[in-house]
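Subject: Handing over a structure, with notes

Dear colleague,

I am passing on a structure that you have not worked with before, and I would be grateful if you could look through it alongside the notes in this message. Please open the sequence and the structure first, and then read on.

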Amino acid sequence: MATSASPTRDDFAALLEATLGDADGFEGRVVKGTVTAIENDLAVIDVGLKSEGRVPLREFAMPGQKADLKVGDEVEVYVDRVENVHGEAMLSRDRARREAAWDKLETEFAKTARVEGVIFGRVKGGFTVDLNGAVAFLPGSQVDIRPVRDVTPLMDIPQPFQILKMDRKRGNIVVSRRAILEETRAEQRSGLILSLAEGQVIDGVVKNITDYGAFVDLGGIDGLLHVTDLSYKRVGHPSEVLNIGDTVRVQIIRINKDTQRISLGMKQLESDPWEGAAAKYPVGAKLSGRVTNITEYGAFVELEPGIEGLVHVSEMSWTKKNVHPGKIVSTSQEVDVVVLEVDPDKRRISLGLKQAQSNPWEAFAEAHPIGSTVEGEVKNATEFGLFIGLDNDVDGMVHMSDIAWGVSGEDALNLHRKGEVVQAVVLDIDAEKERISLGMKQLERGAPAAGGAVASSGGGTGGLNKNAIVTVTVLEVRDAGLEVQVGDDGATGFIKRTDLGRDRDEQRPERFQVGQKFDAMVTGFDRSKKPTFSIKAMQISEEKQAVAQYGSSDSGASLGDILGEALKARNADAKK
């Protein structure tokens, strides 16, 4: 009886291959299998290998949902290994879904199409999104158009995303939800803008408030309500008028269809207070108002809601010069002002604060007429005189030539110090130029009266008459002329260089000496009633008189003879 041969090693290999098939071809592939059992949280799946594999049920469910799986269902799984140490096939539903998802996502990315996914976790800098098996990264800045504090309501909900970047080799996918929202919003804005028109009145809801205005939702599109268009009256900050969530009625001022920006206004729905402002606020009218704002150049005063005028710093005070407006008035202070100018076209009103008060120079002139004596404190000494503080915060100036008789101007300035209380005579007042001229030497004995008339011959000041011939004494020799005094204690005056004689040689001040006496003519009085003298005028006058007296005879005398006779006659009169 024949005996069969024993099976060889090759026979066993062939038998195993017939039983298992080409097992190496299974690994790393997505294959179809059948659910043969469900044990606890695992699904037992047969993919045609020697042994079955087990896959967690959660891999068959979307994030936040339960798996809808039963025995007999056919599913796709990924084969990691044909057999592990326990002899079981290592299968993965997640890997199968991921591989399929990557194939589909690459196609969608190439077409820049939207994909659907679910936000299911948080990571540093953003969130994780399940794109039907493939895990993508959603940066925090790409969640919404505006920053979102709480993303919980957006999680575990299927929603569209835009793929920004993907790299299959590295397994990286970056998606954006914001891009979808902006695209949708742009479509809505375009449609809504077409339905809006400039000048249209519409209701909206305040969404956000900034320093420069408020953003108002018009039902899918935002418009800017600038702070200057909130009200005709001054608004420091939009929050003074609006709150987030307020429903407001606004008018569409401008629509830029290229940038899709809308400018809104609220004050346009109110009556314009500037209509008829010129008639309501005539120039010269005295009004009351409230200080609303203070700047370097002045203060704004509200006359009524929506009507403000500017009080320039130069119109704030009669006496306080170069002072910051904030040191004269304060915000919210009620003040009286006078209308100086109105320009309705430019919506400007110029106001004066000092004009609503009495002019202190006019008040001083009424209380202290020219020639009266006043008393005040030396506030400042300059190179040309002294400033004296007077009533109503006004200052008067004593020119150095009016400080003292018989003393040079420079020496006279050294006679007084700041803070010293002195007396002076009012010489002149110019309220328009805000000037008061004072004299101190006019109070000295023998000084000409400050209020005396000097307009014509025959009038006198301090006993002096214009055109009178007087004897003077030289007090001081200067390059410009001579400072002289009538008699020993009379009024002092000045003889200009050109009045020292008719000839150029005679017009040299150095030919005179201090203490020298000579005759001169009183030619007039200056603003401070100080007399002026002239030798030249006296010589011309004497010549005219001599010609008139002796020239009418037929004696044939020369002009020299006539002048000689006149001189002898004057000397003879002087000796009597």
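The notes below go from the chain as a whole to its strands and barrels, and then to some individual residues.

Please keep in mind throughout that this is a predicted model. The protein chain has 576 residues, of which 39% count as buried, and its secondary structure comes to eight helices and 32 strands. Its accessible surface is about 32,800 Å², and carbon and sulfur atoms account for 48% of that area. If one takes the contacts in the chain with a separation of 6 or more, 57% of them are between residues 24 or more positions apart.

Early in the numbering there is a hairpin made by S2 and S3, with six residues between the two strands, and in its turn Gly48 has a positive phi of about 90 degrees. Strand S2 (residues 42–46) runs antiparallel to S3 and is joined to it by four bridges, with Ala43 standing opposite Val55 of S3. In a regular strand the side chains alternate between the two faces of the sheet. Strand S3 (residues 53–56) shows such an alternation, since Gly53 and Val55 point to one face and are buried, while Arg54 and Pro56 point to the other face and are not buried.

Two closed barrels deserve a careful look. One is a closed barrel of five strands with mixed pairing, in the order S11-S12-S13-S15-S14, and its neighbouring strands are turned against each other by 50 degrees on average, direction ignored. Within this barrel, strand S13 (residues 222–226) and strand S15 (residues 261–265) pair in the parallel sense over two bridges, and Leu224 stands opposite Ser263 in S15.

Another closed barrel of five strands, again with mixed pairing, runs S21-S22-S23-S25-S24, and here the twist averages 55 degrees from one strand to the next. Helix H5 (residues 360–367) packs on this sheet, where it touches S21, strand S23 (395–399), S24 and S25, and the direction of H5 makes about 105 degrees with that of S24. Strand S21 (residues 373–381) and strand S24 (residues 421–430) run antiparallel and are joined by five bridges, and Thr373 has Val425 in S24 as its bridge partner. Strand S24 is also joined by five bridges to strand S25 (residues 435–439), and these two strands run antiparallel as well, with Ile436 in S25 as the bridge partner of Ile429. S24 and S25 form a hairpin with four residues between the strands, in which Glu434 takes a positive phi near 60 degrees.

Turning to the side chains, which arrangements of aromatic rings can be found? A search of the whole structure gives four aromatic pairs. In one of them, the rings of Tyr212 and Phe215 have their centres 6.5 Å apart and their planes at 85 degrees, so this pair is edge-to-face, the term used when the planes are over 60 degrees apart. Tyr212 counts as partly exposed at 42% relative accessibility, and Phe215 is likewise partly exposed, with a relative accessible area of 25%. The rings of Phe384 and Phe387 also make an edge-to-face pair, because their centres are 6.4 Å apart and their planes stand at 80 degrees. Of these two residues, Phe384 is partly exposed at 35% relative accessibility, and Phe387 is partly exposed at 26%. A ring is involved in another way at Phe300, where the charged end of Arg234 sits over the ring, 5.1 Å from its centre.

Lastly, where does Gln516 lie? Gln516 is placed in the loop between strand S30 (492–496) and strand S31 (517–525), and at 29% relative accessibility it counts as partly exposed. Leaving aside neighbours within four places in sequence, Gln516 is in contact with Val472, Thr473, Val474 and Arg511. Val474 is 42 residues away from Gln516 along the chain, while the C-alpha atoms of the two are separated by 5.5 Å.

With best regards

Note on methods. Residues numbered from 1 in each chain as written. Predicted model: local features only at pLDDT ≥ 70, side-chain atom pairs only at ≥ 80, totals over all residues. Heavy atoms only, no water. Phe/Tyr/Trp six-rings, centres within 6.5 Å; stacked < 30°, edge-to-face > 60°. Buried < 20%, exposed > 50% of the residue type's maximum accessible area, 1.4 Å probe, protein only. Lys NZ or Arg CZ within 6 Å of the ring centre and 35° of its normal. Contact = heavy atoms within 4.5 Å. Areas by Shrake-Rupley, 256 points an atom, 1.4 Å probe, with all protein chains shown as cover. Pairing = 2+ DSSP bridges. Axes fitted to C-alpha atoms, helices over the stretch in contact; angles between N-to-C directions.
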